[in-house]
Amino acid sequence: MKEQLNGCSFFMKNFYDNYCIFAENIKMTTTETIVDKLPLMEAFYTIQGEGFYTGHAAYFIRLAGCDVGCHWCDVKESWDENLHPKILVSDIVSQAEDNGKLVVITGGEPLMWNLDHLTSKLKEKGIQTNIETSGAYELSGFWDWICLSPKKKKLPTQSVYDAANELKCIIYNHHDFKFAEEQAAKVNKNAKLYLQVEWGKKEEMLPLVIDYVKNNPKWAISTQTHKYLDIP
């Protein structure tokens, strides 16, 4: 009987020791995944000019950092995260609170960073969270709307294909129509489909986009209305 009690005590001690190690590992992992600071290029309150939310007031949070490298990108200054300050998530959220109830997180490529902490804090304040992403990294964050704008150089992850509410394909040349159809075949069936002419090619490509959408009505046209209306 004594031997059985000793064996039981030994088992319980081992169990307790292992549990403490496990709990500490969980604590470390949780702490490591909380991102308290993010590289911020700019933040501004404006009118969303593209896609499903065109015309809605929105507070844009442009995070720095991008390795996708689109040659026609109009914010290449966002690519190098080291050129921009890392700002506390609490400060980013505080500024967003004073600027409406819809936030659009963009970049750069925002999914380079774990966005769980930022989006959870925004939601605590009753703020709607939208994202514009190439989808090149695994999805993080808690989202009300995901706009996927895929790029050929670095294709989206399956997690973003599965969750996207909107697929927005940029039309720069004729091959982009084929690429758009390839992406539409990969995205979930509920995603809204948009074609958007690259601004510098609108004179050449817009008539083709109009004809394409008329012949393929599953697509809609997204235009950069903020540029036509000269809204910053």
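How much space lies in the largest pocket? About 850 Å³, and the legends below start there. This is a predicted model, where local features need pLDDT of at least 70, side-chain atom pairs count only at pLDDT 80 or more, and totals for chains, interfaces and linings use all residues. Residues are numbered from 1 along each chain as its sequence is written, and side-chain values use heavy atoms, with hydrogens and water left out.

**View 1. The largest pocket and its lining.** A pocket here is an open set of points on a 1 Å grid over the protein atoms alone, where a 1.4 Å probe fits and protein lies on both sides within 12 Å along at least five of seven lines; lining residues have an atom within 4 Å of a point. Grid points are joined across faces, edges and corners, and the volume is the space filled by probe spheres set on the points. Of the 40 lining residues, Glu50, Arg62, Asp74, Val75 and Glu132 are the closest to the centre of the largest pocket. Two or more residues each come from strand 1 (37–47), strand 2 (57–63), strand 5 (128–133), strand 7 (166–171), strand 8 (192–197) and helix 7 (225–228). Helices (H or I, at least four residues) and strands (E, at least two) are DSSP runs, numbered from the N terminus. Strand 1 gives the largest share of this lining, four residues. Sorted by class, the lining has 16 nonpolar, 14 polar and ten charged residues; Ala, Val, Leu, Ile, Met, Phe, Trp, Tyr, Cys and Pro count as nonpolar, Asp, Glu, Lys and Arg as charged, and the others, Gly among them, as polar.

**View 2. The second largest pocket.** About 240 Å³ of space lies in this one. It is lined by 15 residues, and the closest to its centre are His71, Trp72, Lys151, Lys152 and Asp176. Strand 7 and helix 5 (175–186) each supply at least two residues of that lining. The class split is eight nonpolar, three polar and four charged.

**View 3. Helix 5 and its buried side.** Asp176, Phe177, Phe179, Ala180, Gln183 and Ala184 are the buried residues of helix 5. They share one side of helix 5, because they cover an arc of only 160° around the axis, taken from the directions from the helix axis to the C-beta atoms. Buried means under 20% relative accessible area, exposed over 50%, and partly exposed in between (1.4 Å probe, protein chains only). An α-helix has 3.6 residues a turn, so residues three or four places apart point the same way. The buried residues pack against helix 4 (158–163), strand 7, strand 8, helix 6 (202–215) and strand 9 (219–221). As for length, the twelve residues of helix 5 should span 16 Å at 1.5 Å a residue, and its end C-alpha atoms are 17 Å apart, which agrees; the expected span is 1.5 Å times one less than the number of residues.

**View 4. Phe142, Thr129 and helix 3.** Phe142 sits in the loop between strand 5 and strand 6 (145–148) and counts as partly exposed at 43% relative accessibility. Beyond its neighbours within four places in sequence, Phe142 is in contact (heavy atoms within 4.5 Å) with Asp116, Thr119, Ser120, Lys123 and Thr129. Thr129, in strand 5, is buried at 1% relative accessibility. Leaving out residues up to four places away, Thr129 touches partners including Val103, Leu122, Trp143 and Trp145. In helix 3 (residues 116–124), the buried residues are His117, Leu118, Thr119 and Leu122, and they pack against strand 1, helix 2 (89–97), strand 4 (102–106) and strand 5.

**View 5. Backbone oddities at Gly107–Gly108 and Asp230.** Most residues other than glycine have a negative phi, and most peptide bonds are trans. The peptide bond from Gly107 to Gly108 is cis, with omega near 15°, and Gly108 lies in the loop between strand 4 and helix 3. Asp230, although not a glycine, has a positive phi of about 60°. Its place is in the segment after helix 7, and Asp230 is exposed with a relative accessible area of 68%.
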